Amino acid sequence: MKRIFSPLRLRSWVTAGCSSILASSLLFSAAPASYGQMSGSSYANSATNSAAQQRLLNWWKNAVVYEIYPRSFQDTNGDGIGDLNGITEHLDYLKQLGIDAIWISPMYPSPQVDFGYDISDYEAIDPQYGTMADFDRLIAEANKRHIRIMLDMVMNHSSDKHPWFLESRSSRNNPKRDWYVWKDGKGETATSQGQPPNNWQSAFGHSAWQWDPKTRQYYYHKFYIQQPDFNWNNPEVQQAFDKILNFWMNKGVAGFRFDAITTLFEDPSMTDEKVVLGKDGKPKINAFGDEVVDGKKTDNLPKNHVEIAHIRSVMDTAPDNSFPGKRVMIGETYVPTINDLLKMYGTTQKPEFELPMDTQIGFINKLNVAAFRSKINDAETRLDGNVPLIVFENHDNPRIDARYGDGVHDTDITRVISTILFATRGASLFYYGSEIGMKTTPPTRKEDVRDPVGITGWPKEKGRDGERTPMQWDDSKYAGFSTVKPWLPIPPNKATINVKMEQAEPNSILAWYESLIRLKKTNPALRSGSNVMLDTANTKVLSWLRKGPNGNNVIVATNFTAEPQTVNLSAVSAGVMGTHLTTLLKTPGASDPASITAVALPAFGVYIGTVKE
Ligand code: GLC
């Protein structure tokens, strides 16, 4: 979240690139058994089949999770807005892609000020997206295909139209008053509202405090004015959310992505945050025109961990009545350091997230070999053996083209980035449309902006519409997304970037994603091997070894430059003596190397091969 709204949010829109496409080669082994082989109760009762049980319990450790922004995936009822039936309709496509789970961004009833992240009922479906029956059908159909469904859980705030907040703001004595964060203003009098209680700022711009004239106090909102923060010091809030989590788990969801989880608690002192100074000694000003504050009183407070551990205990003790396997917590964990990320896993006694997002790697935002090497190595060596969740894209950040592309080699660069996503150890999370190389398409006129962030921040901050454009299924007028004008415009590049076309093209980005995912799921070294960085002084090529079980070793090399490179990937120092390679996957133009000591890569090329004696 921090990343989204920081001045670092990169806005170098580049033109569509093209690249030559040659043959790629791929060898797979047989697909592993999947969780669908056992039903929930047979899983729970089957003491005899412990290998299958382990697979079910550990499904998330090498998982591929696909984020769907439901508004933009597929419209089936002709209103220009995607819906749940649209997700169900494409389950076979997702199955073919090889994913294990879908995370659906909020589809609960909402006034849609923040497009679903302002929830007015946590136990229902917004009619824009369908009905509860549609949801149940989605779960059933997904499970048939061994795809798990995970939901977005927004606990930091609700909508200001949620009945809880309506009650809370109705009077100072209302029993729900203390469910939200209320505070007197500074210097308030009978006739004036005074000033906000402190200098805390909304991530969406300007003061985080909103005056409520009826009860004459301010309420706190880390995000939009219509998103009042819950008071997590009130145990009733916790109880309410325990019930909500169980409601969805009983419906068979496989877990949740916990939204804005680092901002649940605020510093009880309620004192000002420090203003951040620029090099000139003057306060830094952000895209909203506000002085930048350090966030130390509102973000990443130690008390969050107590609550996250509590949520984990609720998840771990939920009855196993409909979901086979372990339910999993993904965290929206934009934290500043690897040590902060480590804390997100909790301890053996008090576990927290299974999969807090590793935003250290994916949001480096420049193709810098040393930075990637160091961050991937951190994930391998400084997370106490926990599973990293690698992620590059989501609904809050410009897509890969805008953060890593050069406008000429974007297709090849996407291959490089996706190789890091799927061929390093851990779980992988990606965003709808990544698999076809969809590009960021921001609005060009203020009047077209839909995201409130862009409305407040225009023109410096154009908001997040650019990464939320409709899925490009084909090259028809509305890209196969809808039969009517969609809520956001279809990018003109739908003519060359679309599922239908890429399905027919063996060297498309879509084919590359499918190949990488299949390798990740089937190759023993890529499934579970450790990462050992190779050729570590090289500043042009990032290479690593996946050291797997039973002498299964795979090397991966990615060229970060527009010039061909040849690298020596001898892994003798890692105890791997093999001198030759058998190609598993390579980008167009890469050759099969004669020896491990001379692996030739074209511009932004990728090579993956098994090490042989
Ligand atoms: C998270 C979501 C973002 C939303 C914000 C407020 O950062 O990813 O889309 O606007 O929380 O809920």
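The exercises below, each with a worked solution, concern the predicted model shown above.

Residues are numbered from 1 along each chain as its sequence is written. Because this is a predicted model, local features need pLDDT of at least 70 and side-chain atom pairs count only at pLDDT 80 or more, while totals for chains, interfaces and linings use all residues, and side-chain values use heavy atoms, with hydrogens and water left out.

**Exercise 1.** Identify the buried residues of helix H3 and state how they are arranged about its axis.

Solution. Begin with the terms: helices (H or I, at least four residues) and strands (E, at least two) are DSSP runs numbered from the N terminus, and buried means under 20% relative accessible area, exposed over 50%, and partly exposed in between, with a 1.4 Å probe and protein chains only. Helix H3 covers residues 50-57, and its buried residues are Ala-52, Gln-53 and Leu-56. When H3 is viewed down its axis, these buried residues fall within an arc of 100°, so they line one face of the helix; the arc is taken from the directions that run from the helix axis to the C-beta atoms. The general background is that an α-helix has 3.6 residues a turn, so residues three or four places apart point the same way.

**Exercise 2.** Describe how helix H8 packs against helix H9, giving the angle, the distance between axes, the handedness and the residues that meet.

Solution. Two packed helices are described by the angle between their axes and the distance between the axes. Here H8 (residues 235-250) and H9 (residues 303-316) pack at an angle of about 35°, with their axes 10 Å apart; axes are lines fitted to C-alpha atoms, for helices over the stretch in contact, and angles run from 0 to 180 degrees between N-to-C directions. The crossing of H8 past H9 is right-handed, a term used if the near helix is turned clockwise from the far one by less than a right angle, left-handed being anticlockwise. From H8, the residues Gln-238, Asp-242, Leu-245, Asn-246 and Met-249 meet Glu-307, His-310, Ile-311, Val-314 and Met-315 of H9, where contact means heavy atoms within 4.5 Å. These contact residues divide into 5 nonpolar, 3 polar and 2 charged.

**Exercise 3.** Determine the place and burial of Lys-586, and find the partners of its side chain.

Solution. Lys-586 belongs to strand S16, which spans residues 580-586, and with a relative accessible area of 11% Lys-586 is buried. The side chain of Lys-586 reaches the backbone oxygen of Ala-590 at 3.2 Å. Lys-586 also has a side-chain partner in Asp-592, to which it is joined by a polar contact of 3.2 Å; such a contact is a pair of N or O atoms within 3.5 Å, and within protein one must be able to donate a hydrogen and the other to accept it, residues adjacent in sequence counting only if both atoms are side-chain atoms.

**Exercise 4.** Compare the surroundings of Val-606 and Ser-591, including whether each is buried or exposed.

Solution. Take Val-606 to begin with: Val-606 lies in strand S18 (residues 606-612) and counts as buried at 0% relative accessibility. Leaving out residues up to four places away in sequence, Val-606 touches residues including Arg-415, Trp-512, Leu-585, Lys-586 and Ala-590. The C-alpha atoms of Val-606 and Pro-588 are separated by 8.6 Å, although the two residues are 18 residues apart along the chain. Ser-591, by contrast, is found in the loop between S16 and strand S17 (599-601) and is partly exposed, with a relative accessible area of 39%. With residues up to four places away again not counted, Ser-591 touches Lys-586, Ala-600 and Tyr-607, so that Lys-586 appears in the contacts of both Val-606 and Ser-591.

**Exercise 5.** Locate a cis peptide bond and two residues with positive phi, and give the setting of each.

Solution. Most residues other than glycine have a negative phi, and most peptide bonds are trans. The cis peptide bond joins Trp-458 and Pro-459, with omega about 0°, and Pro-459 lies in the loop between helix H15 (452-457) and helix H16 (499-503). Ala-479, found in the loop between H15 and H16, has a positive phi near 60° and is buried, with a relative accessible area of 0%. Asn-365, whose phi is about 65°, lies in the loop between helix H11 (359-362) and helix H12 (369-381), and Asn-365 is buried at 12% relative accessible area.

Technical notes. Ala, Val, Leu, Ile, Met, Phe, Trp, Tyr, Cys and Pro count as nonpolar, Asp, Glu, Lys and Arg as charged, and the others, Gly among them, as polar.
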